[in-house]
Amino acid sequence: MKQYIPPSYVMIMTIPFGMKQSRQENLTYLAVWGLLFAAPVLSLYVRSVSDTNLTFNWAEVFVVWKLFAVYLVLFLIHNFLLAPMLVHGHHRTAYFSLLAVVIAAFAVFQCSNRPREWRHGDRPPIEQPRQEPPPIGEPPMKMEGGRPPKPDEPPHQRLTPPPIVGERDILALITLLLMFGANLGIKVYFRSREDRQRLAELEKQNLEQQLEYLRYQINPHFFMNTLNNIHALVDIDPEKAKDTILELSKMMRYVLYEGNKQGVPLSRELDFIRHYVALMQLRYTDKVRISVLLPGEVPDRQVPPLMLITFIENAFKHGVSYQKESFIEVKIDVKDDQLLFSCRNSKADKSNEEKGGVGLTNVRERLNLLYRNDYTLRIDDTSDIYTVQLIIPITQ
């Protein structure tokens with residue numbers, strides 16, 4: 001027969017009891033409790049040193065430690081059982097219900113462990129006034145009613161029992177509530193910090209996946225254009241086609257081994273652009289004026305791989321005309337830890353390639369992912385000239 005389990009018990013069992021805490025959180029608790037338990041020892045030591053009549057007595061320390069031990073047990077219960085219910089499990093009703101039970105049990109414990117003379121129902125000790133003998137020749141003092149008090153009869157006083165909850169109990173409950181509140185605050189702080197770290201890690205992984213996807217799009221697009229160039233040269237000039245294949249092999253090596261990195265040396269990226277432009281020049285006649293200005297001295301800086309080549313591909317795709325003279329101008333410079341890229345090209349009446357590829361949308365996405373707002377991209381599209389200006393920061 002299947003055993004029936006109360007729903008409340010199931011809820012408590014699903015609470016992450018003993019959930020793993022961060023090392024910093026554990027060290028925080030250890031430091032605080034270590035200071036608390038060390039405080040009475042240091043206090044008694046300082047007092048015994050400053051007062052020669054006072055001796056260091058461990059019994060006094062143990063009395064304070066006994067009180068701290070009660071709070072420590074309640075802290076452990078709250079830290080490993082109650083607090084995770086609220087912070088991690090979001091079981092507010094169960095948390096506050098169990099918290100009320102713990103506080104009530106602590107209040108009962110406090111009242112039952114008062115000093116004996118302060119327990120409810122006990123008669124507090126009354127100091128007997130000292131009876132002075134009457135002076136010689138005077139009659140003994142008489143009480144009300146005309147009879148002298150009996151020797152064992154205490155004087156008539158009104159006895160008032162102490163209150164059920166005293167000032168000491170209220171201070172203990174306030175201390176307990178402050179301790180629980182501090183515990184919740186620390187847990188919420190470390191939980192929010194872990195959430196921020198986890199979110200940053202997820203964003204980083206998402207960024208890497210997006211960049212990987214964008215690079216995957218770049219490679220087929222680039223090889224498609226290059227193979228079309230080789231196909232056009234095979235019948236026209238086989239020797240040039242052979243040289244083109246050698247250039248293509250160098251470029252493939254760069255794409256395969258450097259394209260998946262976050263950053264590559266600027267010199268390697270500029271070499272890749274030189275090979276690509278040389279490869280494209282083999283396909284066109286002198287009617288196409290191609291100008292490439294690269295820095296003579298290349299600093300040792302890092303740039304994203306295959307970022308600039310997209311603009312140059314776009315210039316060859318849309319800026320070359322077989323019917324009229326056309327031009328492509330590429331200029332790259334480095335100033336003040338910034339890479340300045342400019343590409344101008346004439347506009348053909350009709351694109352030399354079919355529509356497709358990653359285009360500028362891909363570039364904008366990569367720039368946003370890599371630099372957010374720390375870059376400048378200007379595109380000027382007129383009736384006969386297309387201009388792109390890009391400024392990005394470069395790192396060592």
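How many residues lie between β6 and β7 in the hairpin they form? There are three.

This is a predicted model, where local features need pLDDT of at least 70, side-chain atom pairs count only at pLDDT 80 or more, and totals for chains, interfaces and linings use all residues. Residues are numbered from 1 along each chain as its sequence is written, and side-chain values use heavy atoms, with hydrogens and water left out.

**The hairpin**

Helices (H or I, at least four residues) and strands (E, at least two) are DSSP runs, numbered from the N terminus. Strand β7 covers residues 385-393 and runs antiparallel to β6, joined to it by six bridges. Two strands pair if DSSP finds at least two bridges between them. D381 stands opposite Y386 of β7.

**Salt bridges**

A salt bridge is a side-chain nitrogen of Lys or Arg within 4 Å of a carboxyl oxygen of Asp or Glu. The whole structure holds eight. Three of them are tabulated here.

| Pair | Closest N to O |
|---|---|
| D271 and R274 | 2.6 Å |
| R289 and E329 | 3.3 Å |
| K347 and D381 | 2.7 Å |

Exposure is graded by relative accessible area: buried is under 20%, exposed is over 50%, and partly exposed is in between (1.4 Å probe, protein chains only).

Take D271 and R274. Both sit in helix α7 (residues 266-281), three residues apart, about one turn of the helix. An α-helix has 3.6 residues a turn, so residues three or four places apart point the same way. D271 is partly exposed at 34%. R274 is partly exposed too, at 38%.

R289 and E329 bridge between strands. R289 belongs to β2 (residues 288-293) and E329 to β4 (residues 326-335), so the pair ties together parts that are 40 residues apart in sequence. R289 is partly exposed at 45%, and E329 is partly exposed at 25%. R344 joins R289 and E329 in a network of salt bridges.

The bridge between K347 and D381 leads back to the hairpin. K347 lies in the loop between β5 (338-346) and α9 (359-371), while D381 lies in strand β6 (residues 376-381), so this pair ties together parts 34 residues apart in sequence. K347 has a relative accessible area of 26% and is partly exposed. D381 is partly exposed at 47%.

**Helix α3**

Where does helix α3 bend? The helix, residues 58-87, bends by about 40 degrees at H78. The bend is the angle between axes fitted to the seven residues ending there and the seven starting there. H78 is buried, and so are other α3 residues, including Y71, L74, F75, N79 and L86. At the N-terminal end, N57 acts as the cap, with a side-chain oxygen 3.1 Å from the backbone nitrogen of A59.

**Nonpolar cores**

A nonpolar core is a set of buried Ala, Val, Leu, Ile, Met, Phe, Trp, Tyr and Cys residues joined through side-chain atoms within 4.5 Å. The largest has 41 residues. I312, F316, F341, L367 and L390 have the most contacts inside it. The elements giving two or more residues to this core are α6 (238-258), α7, β2, α8 (309-319), β4, β5, α9 and β7. Helix α7 supplies the largest share, eight residues. Another core, of 20 residues, lies apart from it, with L74, L86, A172 and M179 among its members. In soluble globular proteins, nonpolar side chains tend to be buried together.

Definitions and conventions: Polar contact = N/O pair within 3.5 Å; in protein donor to acceptor, adjacent residues only side chain to side chain.
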